[in-house]
Structures are given as structure tokens and as C-alpha cells.
Amino acid sequence: MFDRLDAIDRALTLALNGSGNAFLDRIAMTATQTSTWLPLFAVLLFLVVRGNRGNWRGLLCTFAAVGLCVLLCDAFVSFVVKPLVARPRPTHNAEIGALVVVVNGYRGGVYGFFSSHAANTAAVATLLSLLFRRKVFTAHMFAWVVLCCWTRVYLGVHYVGDLVAGFLWGIAVGASSCWLLRRANPAASRGCRQISVVPLVCVLWLTVVGIAVRAAF
């Protein structure tokens, strides 16, 4: 059973990896970088601060919840899960490495299970979606998660299975962090629900357009 699943995972990964299209290569390389999304992080910070205006304890608790997400989805995954599982990334796999399309020499670290990118983005998207409770907010946040995950398999640094596992872990961590936040300060959630999410939508779309324009030129 495991061998069958592994074979399917490899086939899906190779099917989604690369394209030979320089435009898509540049989009993937740009979108996979954390620095590209700094404007998004800035507007999310702005919305969280506004949602907790006059509630400094709620703001601190929200920061703590986000910190917990990063701790469990980044540090824990990178320093505990990946070395423990020791599953080589497609780009470092001796069996299929020659079949993987490598973009600009980018191969990532040796081990890739499971994806920190998928876990981190899914955790933050889940936590904040549960706080803001707006369909448009949730849709845009998870579209961002899917885009980030696509870049990882496109670049050949993760199997589809790595991304699915990271995504599920991120959702579990984000939901658990939100539950703890609500227990600590229920007002934090109520305040966020009253804030307009138009700035998020605008910044996210502007960033995506910027990525496309940069890739085109």
C-alpha cells in the first residue's frame, strides 16, 4: 500500500513539476520567496491591530497565537519532523532526481517531509479566517496558500504528499491556536469580525499582479 501511494505521489509531483516556460519559472521563483509577501503580512498585521483596538490583551494573545503557529509549523517541522522522517526532496532523490526540472539551480534542503511552506501558510490562513469570519477573506487567504504550495511542487522541492501533509498539519495548528486564543480572550475574535477586509483583497491582488509583471519583464 505504501509503495503504491509513494508511486502515485511521485507521478503527480513529476506531472506538476516545471514546464519549460521561462515566464512560469520566474513566477514560481518570485512567489515562493517569503519577502515577496511582506506587503500581505503588513496588511494582515494592520487588520489584526485594528481588530483589537482598545484590547491590548487580545492583541498580545493574537500575536502569541501566530507565534505558536510559526513555532509548530516552522521550527518544529524543520528541526524535528524533517530530520526524523528523513525523506529526501524530489531534487535530492537519487531515483527520480534526474527527472525533476530544476529552476535556476534551486534545490532546497535535503529533506522535505513535510512542507513548512504549506504548514505555515495554512496555519496562518486558518487562524485568521476563524478570527475574521468573512468568506471573501477566507477565499483569498486559501487561494494564497494554494499558490504558495503550487510553487513548491513546480520547483520540484516538494512532493504533492509533502504539501498535503503540511497543509493538514497547518489547519490543525491554526484551528487549535484559534481555540486557545478564544479561551484566553474572546473579545479578540469579536473585534476582528467588525473590520473591513478590503485592504487585504487589494494588497493580495496587487502583489499577484506585481509578480506577473516582474516575471514578464
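## Y154 and W150

Y154 is buried in this predicted model, with a relative accessible area of 2%. W150 is partly exposed, at a relative accessible area of 27%. The two residues form an aromatic pair of the tilted kind: the ring centres lie 5.0 Å apart and the planes make an angle of 45 degrees. Because W150 and Y154 are four residues apart in helix α6, about one helical turn separates them.

## Other aromatic groupings

A search of the whole structure gives eight aromatic pairs. One aromatic cluster is made up of F76, F113, F114 and W169. Two members of this cluster, F113 and F114, are joined by a cis peptide bond, with omega near -5 degrees. F114 is placed in the loop between α4 and α5. F113 is also one of the residues that line the second largest pocket.

## H140

H140 is another residue of helix α6. With a relative accessible area of 16%, H140 counts as buried, because the cut-off for that class is under 20%. The H140 side chain reaches the backbone oxygen of V136 at a distance of 2.9 Å. Leaving aside residues up to four places away in sequence, H140 touches V201, L204 and W205.

## Backbone conformation in the loops

Most residues other than glycine have a negative phi, and most peptide bonds are trans. Besides the cis bond from F113 to F114, two loop residues are of note here. A86, in the loop between α4 and α5, has a positive phi, near 55 degrees. R133, placed in the loop between α5 and α6, also has a positive phi, near 50 degrees. Neither A86 nor R133 is a glycine.

A86 is partly exposed, with a relative accessible area of 32%. R133 falls into the partly exposed class as well, with 49% relative accessibility; R133 is not counted as exposed because that class requires over 50%.

## The largest pocket

The largest pocket has a volume of about 570 Å³. Its lining is formed by 28 residues, and those closest to the pocket centre are T34, F41, N120, V124 and W144. By type, the lining divides into 14 nonpolar, ten polar and four charged residues.

Four helices each supply at least two residues of this lining: α3 (38-51), α4 (56-85), α5 (116-132) and α6 (135-154). The greatest contribution comes from α5, with six residues. Helix α6, which supplies part of this lining, also holds H140 and the pair W150 and Y154.

## The second largest pocket

The second largest pocket holds about 230 Å³ of space. The residues that line this pocket are F2, L5, D6, I8, D9, L12, V85, R87, F113, G161 and A165. Two elements give two or more residues to the lining, namely α1 (2-16) and α7 (160-184). Helix α1 gives the most, with six residues.

Seven residues of this lining are nonpolar, one is polar and three are charged. F113 links this pocket to the features described above: F113 is part of the lining, belongs to the aromatic cluster with F76, F114 and W169, and precedes F114 at the cis peptide bond.

Key:
Residues numbered from 1 in each chain as written. Predicted model: local features only at pLDDT ≥ 70, side-chain atom pairs only at ≥ 80, totals over all residues. Heavy atoms only, no water. 1 Å grid on protein atoms, 1.4 Å probe; cavity = no way out; pocket = protein on both sides within 12 Å on 5 of 7 lines; lining within 4 Å. Points joined across faces, edges and corners; volume = space filled by probe spheres on them. Nonpolar A, V, L, I, M, F, W, Y, C, P; charged D, E, K, R; others polar. Buried < 20%, exposed > 50% of the residue type's maximum accessible area, 1.4 Å probe, protein only. Polar contact = N/O pair within 3.5 Å; in protein donor to acceptor, adjacent residues only side chain to side chain. Contact = heavy atoms within 4.5 Å. Phe/Tyr/Trp six-rings, centres within 6.5 Å; stacked < 30°, edge-to-face > 60°.
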